[in-house]
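Colleague: Please take one part of this model and look at it closely, and then set it within the rest of the chain. I would like the cut-offs stated as each term comes up.

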Amino acid sequence: GMRVRLFQKRKDGNFYRDVWLSDKGKDRQCLYTKDRTEADRIGRQLLAALLQNEPGQVDGPVLLKSLFERYRRESMDYLDNKPHTKVEYKGRMNVVVGFFGPDRDVRTLTASDCAVYFKRRFEGGVICEDGRVTDPVRARSVQADLKLLCTILRWATGVPIGLGKLLL
């Protein structure tokens with residue numbers, strides 16, 4: 001037999017999932033979301049994967065914009081920041097998402113993509129997601145953009161999506 005259970009330990013807390021498999025026993029992990037709809041979606045994906053004997057495997061790309069939105073909702077590193085820092089990060093990601101595109105699979109980003117971004121951002125003329133065009137900036141500003149992108153990607157490497165599987 002098999003059973004998947006979703007629950008919150010505390011009111012307004014993160015959702016958890018319990019999976020019970022007759023041959024392996026119980027496994028509990030945090031889903032790192034407080035949204036019931038998102039937790040239900042993750043639970044259904046996990047159940048579907050278990051029924052196909054592919055534990056926790058989620059098909060499809062990891063999109064840049066949705067990854068940033070998830071980071072803003074779930075990452076304690078982001079949530080612990082002051083409001084002005086959150087606004088700065090949102091502005092930086094507005095430029096990054098505008099350059100790479102909201103539907104870019106982050107698993108396809110390469111060092112040469114970042115080098116092209118660095119050059120274009122340094123020279124100016126990047127069209128942001130909100131439609132504005134950037135002015136030329138100094139190297140430190142571009143470095144801060146890429147550092148934030150790396151921070152988000154590093155965070156995603158620790159986000160569980162199933163039995164022994166991670167988002168990245």
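Modeller: What follows takes one sheet in detail and then turns to its surroundings.

This is a predicted model, in which local features need a pLDDT of at least 70 and side-chain atom pairs count only at pLDDT 80 or more, whereas totals for chains, interfaces and linings use all residues. Residues are numbered from 1 along each chain as its sequence is written, and side-chain values use heavy atoms, with hydrogens and water left out.

To place the sheet, the protein has 6 helices and 5 strands, where helices (H or I, at least four residues) and strands (E, at least two) are DSSP runs numbered from the N terminus. Along the sequence they follow the pattern β-β-β-α-α-α-α-α-α-β-β.

The sheet itself is open and is formed by 3 strands in the order β1-β2-β3, with antiparallel pairing (two strands pair if DSSP finds at least two bridges between them). The edges are taken by β1 (2-8) and β3 (25-30), each of which has a single partner strand, so that one side of each is left without a neighbour in the sheet. From one strand to the next the twist averages 15 degrees (axes are lines fitted to C-alpha atoms, for helices over the stretch in contact, and angles run from 0 to 180 degrees between N-to-C directions). Helix α1 (residues 36-51) packs on this sheet and touches both β1 and β2, a contact being heavy atoms within 4.5 Å; the direction of α1 makes about 165 degrees with that of β1.

In general, the strands of a sheet pair through backbone hydrogen bonds, in either a parallel or an antiparallel way. Here β1 and strand β2 (residues 15-21) run antiparallel and are joined by 7 bridges, and the register can be followed residue by residue. Met2 stands opposite Leu21, Leu6 stands opposite Arg17, and Gln8 stands opposite Phe15. The hairpin of β1 and β2 has 6 residues between the strands, and in this hairpin Asp12 takes a positive phi near 65 degrees.

On the other side of the pairing, β2 and β3 also run antiparallel, with 6 bridges between them. Leu21, which faces Met2 in β1, also stands opposite Gly25 in β3, so this residue of β2 can be read against both partner strands. As for burial (buried means under 20% relative accessible area, exposed over 50%, and partly exposed in between, with a 1.4 Å probe and protein chains only), 6 of the 7 residues of β2 are buried, so β2 is largely enclosed by the rest of the structure. In strand β3 lies Gln29, which counts as partly exposed because its relative accessibility is 22%. Gln29 and Phe15 are 14 residues apart in sequence, and their C-alpha atoms are 9.0 Å apart in space.

Beyond the sheet, the helices supply the main elements of the largest nonpolar core, which has 27 residues (a nonpolar core is a set of buried Ala, Val, Leu, Ile, Met, Phe, Trp, Tyr and Cys residues joined through side-chain atoms within 4.5 Å). Leu64, Leu67, Met93 and Leu149 have the most contacts inside this core. The elements that give two or more residues to this core are α2 (64-74), α4 (83-100) and α6 (139-156), and α6 gives the most, with 8 residues. If residues up to four places away in sequence are not counted, Leu67 touches Val62, Val106, Ile152, Leu153, Trp155, Ala156 and Leu167.

The buried residues of α2 are Leu64, Leu67, Phe68, Arg70, Tyr71 and Glu74. They lie on the same side of α2, because they cover an arc of only 160 degrees around the axis, the arc being that of the directions from the helix axis to the C-beta atoms. In the loop between α2 and α3 (76-79) sits Ser75, which counts as buried because its relative accessibility is 1%. Leaving out residues up to four places away in sequence, Ser75 touches Arg70 and Trp155.

Finally, for the protein as a whole, buried residues make up 38% of the 168 residues. Among contacts with a separation of 6 or more, 51% are between residues 24 or more positions apart. The C-alpha atoms fill a box of roughly 60 × 35 × 25 Å, taken along the principal axes.
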